[in-house]
2 protein chains.
Amino acid sequence: MILRMSSLFVRTLRDDPNDAEVPSHRLLVRAGYIRRNAPGVYTWLPLGLRVLRKVESIIREEMDAIGAQELSFPALLPKEPYEATGRWTEYGDNIFRLQDRKGADYLLGPTHEEMFTLVVKDLYSSYKDLPLAIYQIQTKYRDEARPRAGLLRGREFVMKDSYSFDVDDAGLEASYQRHREAYIRIFDRLGFEYVIVKATSGAMGGSASEEFLAKAAVGEDTYVACTHCDYAANVEAVAVRPPAPAAYDDVPAAHAEETPDTPTIETLVDHLNEHLPREDRPWEAGDTLKNVLVVLRHPDGTKEPLAIGVPGDRDVDLRRLGGQLEPIEVEAMDETEMKNHPALVKGYIGPGVLGEQSTSGIRFLVDPRIVEGTRWVTGADVAGSHVVDMVAGRDFTPDGTIEAADVRDGDECPNCQEGTLTAARGIEMGHIFQLGRKYAEALGLQVLDENGKLVTVTMGSYGIGPSRGVAAIAENTLDEIGLCWPRAVAPADVHVVAAGKDEAVFAAAEELVGELSRQGLDVIYDDRAGKVSPGVKFKDAELIGVPTIVTVGRGLADGEVEIKDRRTGEREDVAVDAAAARLVEVVRG
Amino acid sequence: MILRMSSLFVRTLRDDPNDAEVPSHRLLVRAGYIRRNAPGVYTWLPLGLRVLRKVESIIREEMDAIGAQELSFPALLPKEPYEATGRWTEYGDNIFRLQDRKGADYLLGPTHEEMFTLVVKDLYSSYKDLPLAIYQIQTKYRDEARPRAGLLRGREFVMKDSYSFDVDDAGLEASYQRHREAYIRIFDRLGFEYVIVKATSGAMGGSASEEFLAKAAVGEDTYVACTHCDYAANVEAVAVRPPAPAAYDDVPAAHAEETPDTPTIETLVDHLNEHLPREDRPWEAGDTLKNVLVVLRHPDGTKEPLAIGVPGDRDVDLRRLGGQLEPIEVEAMDETEMKNHPALVKGYIGPGVLGEQSTSGIRFLVDPRIVEGTRWVTGADVAGSHVVDMVAGRDFTPDGTIEAADVRDGDECPNCQEGTLTAARGIEMGHIFQLGRKYAEALGLQVLDENGKLVTVTMGSYGIGPSRGVAAIAENTLDEIGLCWPRAVAPADVHVVAAGKDEAVFAAAEELVGELSRQGLDVIYDDRAGKVSPGVKFKDAELIGVPTIVTVGRGLADGEVEIKDRRTGEREDVAVDAAAARLVEVVRG
């Protein structure tokens, strides 16, 4: 196929679009792949659509290869199944709701667990029908609070979602592994740098859960990897290994100390080292217990205060906290809200006024490191005063633990305890997890087992975002001059530039392009005549990012054309007669 | 590819679904192609999706072949462009509207004229960029008042919509013809009976307009074809050839006659023949002028009465009337509304009280046959009284003409005037028309012409409904035992039934199926063992409707399998070794 720049529906832009926050967005707009219609809502222009379709095709092939069967659900969905599972409410503002002319409630499907579950319930009834894997590649909708970064967080987007259905846990484990291997093949074929990390399963429920992240500095997800073992996890999913409980027989009774003007950990530590120095070692932030107040916003709109205790050398990571609590949303407690709880003395909040049984009644969860016997300096709930030798389990008992403290470069690996963790950022492109029986139970999906007994089916859930994926791959592969696609998803195999004004240049280029097309290659051919200079054509080629750029120009006098690798910049002069054969070799490897 | 019935995600049903109104809907559900989720909203199961994709692929290939370029717009669209063209209001209740979390208004796109116009405005600016043809295959939404007949009138459906952009009318004409030819190739390839008819362009504006209808008795559209020339038109688009104005110097003055108890045309004609017989010929219904009252419902919700005068031997066809008035909706005037207009005497309404200048102020439009000089018996606006010798243009002057009278078998062909019209029913599957400059003007799509002058672009609009098409093709091709697909869109090439319990049957079938798959054929293989009888398998094969059914069974004792043509029922016994080769021949023609 030949895409002629003279008629291809594309216009490249010299300037960055105003609303582009990340390089991939900037370049996808500038190179004419997408256009924005509304926040988080985009049009796919021909070049963009070609990339999207290639991503989808690779996914489809690998899904079919593991025997998953494609179907397609509507996006416009009736409310009832989502009410049955509670998600009509749980999604809060995050879904688009609408009514038809008769006043019936609908939503635009954000995910289709309910529909998959119900269609299997409709069609199947026996263990003999299982295992089953079905999938769709379909447009989904989420009313994101902050659509951003172009396709990376859109409100209308394409998803491949598949589900496995098994009669027992061993079956689910096998289905999960089959999908995991298919995902690895998909991501390998797509041809960019990705990492598989442990994940939380968020609002979906379920147990084992892994994400496939595109490595990218602008990614919204932070993951950590161990320097020693193969542990890698989304920070939201990192589970700290708690220390063993400590003996505290020798610890003196907790006692309040005057600590004027010490509302921060830093001022507190300075004060302690100046006025209450220890003999063995100086006070450090890690000796203090910091109690952070947040507000939970439940999907039904109600709010609830929550106190989180973490060692003073750590902060509460709201995303990590949010990851544990989905679909509940979390925000820091502001001054106004703080005033509703007179027991809280800002800068000096201690466990004395926290906990469901306390005067404040505010639930109090602590970092898993705060185990029984650990000893802390913490607020005395009086301005200018802290309590020293406060022992967990003796002097205070939290309502539970939660993974909310930030994870940092250099933290101990919770898996091997030998290496340390290193953090990096990525874009979530795929997510697989063992969903279990949550939806099957809510919607009554049961089959008869070998003994004629009804058993609830267990499900796996496996998603990839092809539209986000296009941006993620772009983000992972672009460079300072433009997009730079992996061969498998590039909008064409070769970009031929006719660089010159001579008839001969266009004639030679035309012949080459024709031959490449006959050989089954997809070619972008910059056949623009007139005022478009070779310089403009080269810049456009580099911006558009097809892996191989061919220049038919000055070298023609010597019977040669130039083949350039877009990524490495390596150039090679080839006899014009040998060019087609050489290009087929380059493209097909 | 091999689709094994033992694992294919399908369940055939013995009984018709309760809500199925037409044969295609009944069979598509029973054969496991689709499932309903809400009124007019369907899930495509694997077999259905395969047919849909084949229809889409044929469309895509022929669109690409005429140089149309594929892109993809979102379904979730901001209100503003639709406000600019007035359609936000015009669509009335027929579109789904929704708001996002910030209260911004959106619609689910019912068609994308605005988006196509704006994207060309965004990218292009010169006559050199034109002609351009762009298209998408995408999911659309309409909140139909009466979703019906399964996929035939859905609320979520797939459309291929393309638009051409030209600098002048000659360009549009050429683009239109190019699309028309592509459509003919598409419909020929799809392989069912269709007809191309003149059409109205409805709410879209524009001039030349043709529809591609699938012939089907259950179709919502009625079209007529001439017995003599190649004229064919949707009845909505039939333009009656008005007679020449008649001389009326000799016609006596209009005079009222007592016609007690003649509220209907039939009673009136009887009365006239009994009490006021004519010498030359008896009175007929066609001598009378029937005045029918309807109510127009404008998109903004306001109502307006309208009177339509038609010869008494014809009825007002509300669909035909509606076709002229879109997006205004039309309904018969009921008794309650009638009472709001005291001048109207039911059964005796005449032009005396009709017209914008009359006492009632009700707009009065007449059939084009009611030309100047024609002579009528019509209501005297007094119970039991009619006016005779009422001459159009002398005794009454309507506000205008409108095509609202019904069109009937045997009517004169308005094209050749030699043949007569014959009516039949069809399902609209495609619609092409010359849209003109309506959208370009509303949204300011202009380009510089050769002389550097800004000119408004002229557009063509070309739609095909692939999802409705699946049902239309099914409807056109099915028979009393099931679906019966044209080869080009069948979910598989061959349906192989292993009919028997012997190992040998399954072994031979397996070998045949494997060979067919290696030859590139798609095969449904009914490999179900156990309790599924050959009879059940045959019934399923006939219901599913793959064009070629192969039975591996009893004949195997003689080394033969049976090949059956699903449509004709013709059977052929073939040596098992020769079966694959023969089937490839049958399939590939």
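This briefing describes the chain arrangement, the interface and selected local features of the structure shown above.

The structure is a predicted model. Chain A and chain B are related by a two-fold axis, and 53 residues of chain A are in contact with 53 residues of chain B. About 4,700 Å² is buried between these two chains. Chain A itself is divided into three parts, namely domain 1, domain 2 and domain 3.

**Domains of chain A**

- Domain 1 is made up of several stretches of chain A, 49-75 + 109-238 + 423-475.
- Domain 2 covers residues 255-401, and domain 3 covers residues 492-588.
- The centres of domain 1 and domain 3 of chain A, taken over C-alpha atoms, lie 40 Å apart.

**Relation between the two chains**

- In general, a rotation about an axis and a shift along it relate two copies of a chain.
- Here, a turn of 180° with a shift of 0.0 Å along the axis lays chain A on chain B with an RMSD of 0.1 Å. That is the relation of a two-fold axis.
- A:Leu98 is the residue of chain A that comes closest to the rotation axis, with its C-alpha at 2.7 Å.
- Of the interface residues of chain A, 100% are also interface residues in chain B, so the copies meet through the same surface.

**Area and composition of the interface**

- The size of an interface is often expressed as the accessible area that is lost when the parts come together.
- Chain A and chain B bury about 4,700 Å² between them, and 57% of this area is on carbon and sulfur atoms. A:Phe9, A:Arg101 and A:Leu123 supply 18% of the area that chain A buries against chain B, more than any other three residues.
- Between chain A and chain B, 29 residue pairs are in polar contact, counting pairs with both residues at pLDDT 80 or more. Helix α5 (residues 113-123) of chain A contributes five residues to the side of chain A that touches chain B, the largest share. By class, that side of chain A has 30 nonpolar, seven polar and 16 charged residues.

**Salt bridges**

- Side chains of opposite charge can pair when their charged atoms come close.
- Over all chains the count comes to 98 salt bridges, and eight are found across the interface of chain A and chain B.
- A:Asp129 forms a salt bridge with B:Arg11, and the closest N and O atoms of this pair are 2.7 Å apart.
- B:Arg53 and A:Glu70 also meet in a salt bridge through their side chains, at 3.2 Å from N to O. This pair crosses between chains, with B:Arg53 in helix α2 (residues 46-65) of chain B and A:Glu70 in strand β4 (residues 69-70) of chain A.

**Backbone features of chain A**

- The peptide bond from A:Leu130 to A:Pro131 is cis, with omega near 0°. A:Pro131 is located in the loop between α5 and β8 (132-141) of chain A.
- A cis peptide bond also leads from A:Glu326 to A:Pro327, with omega near 5°. A:Pro327 is located in the loop between α8 (318-325) and β17 (329-332) of chain A.
- A:Asp381 is not a glycine, although it has a positive phi of about 65°. A:Asp381 belongs to strand β19 (residues 375-382) of chain A.

Definitions and conventions: Residues numbered from 1 in each chain as written. Chains lettered and ligands numbered in written order. Predicted model: local features only at pLDDT ≥ 70, side-chain atom pairs only at ≥ 80, totals over all residues. Heavy atoms only, no water. Domains from an automatic or database assignment. Contact = heavy atoms within 4.5 Å. Buried area = accessible area lost by both parts, 1.4 Å probe. Salt bridge = Lys/Arg side-chain N within 4 Å of Asp/Glu carboxyl O. Polar contact = N/O pair within 3.5 Å; in protein donor to acceptor, adjacent residues only side chain to side chain. Helix = DSSP H or I, 4+ residues; strand = E, 2+ residues; numbered from the N terminus. Nonpolar A, V, L, I, M, F, W, Y, C, P; charged D, E, K, R; others polar. Least-squares fit on C-alpha atoms with pLDDT ≥ 70 in both.
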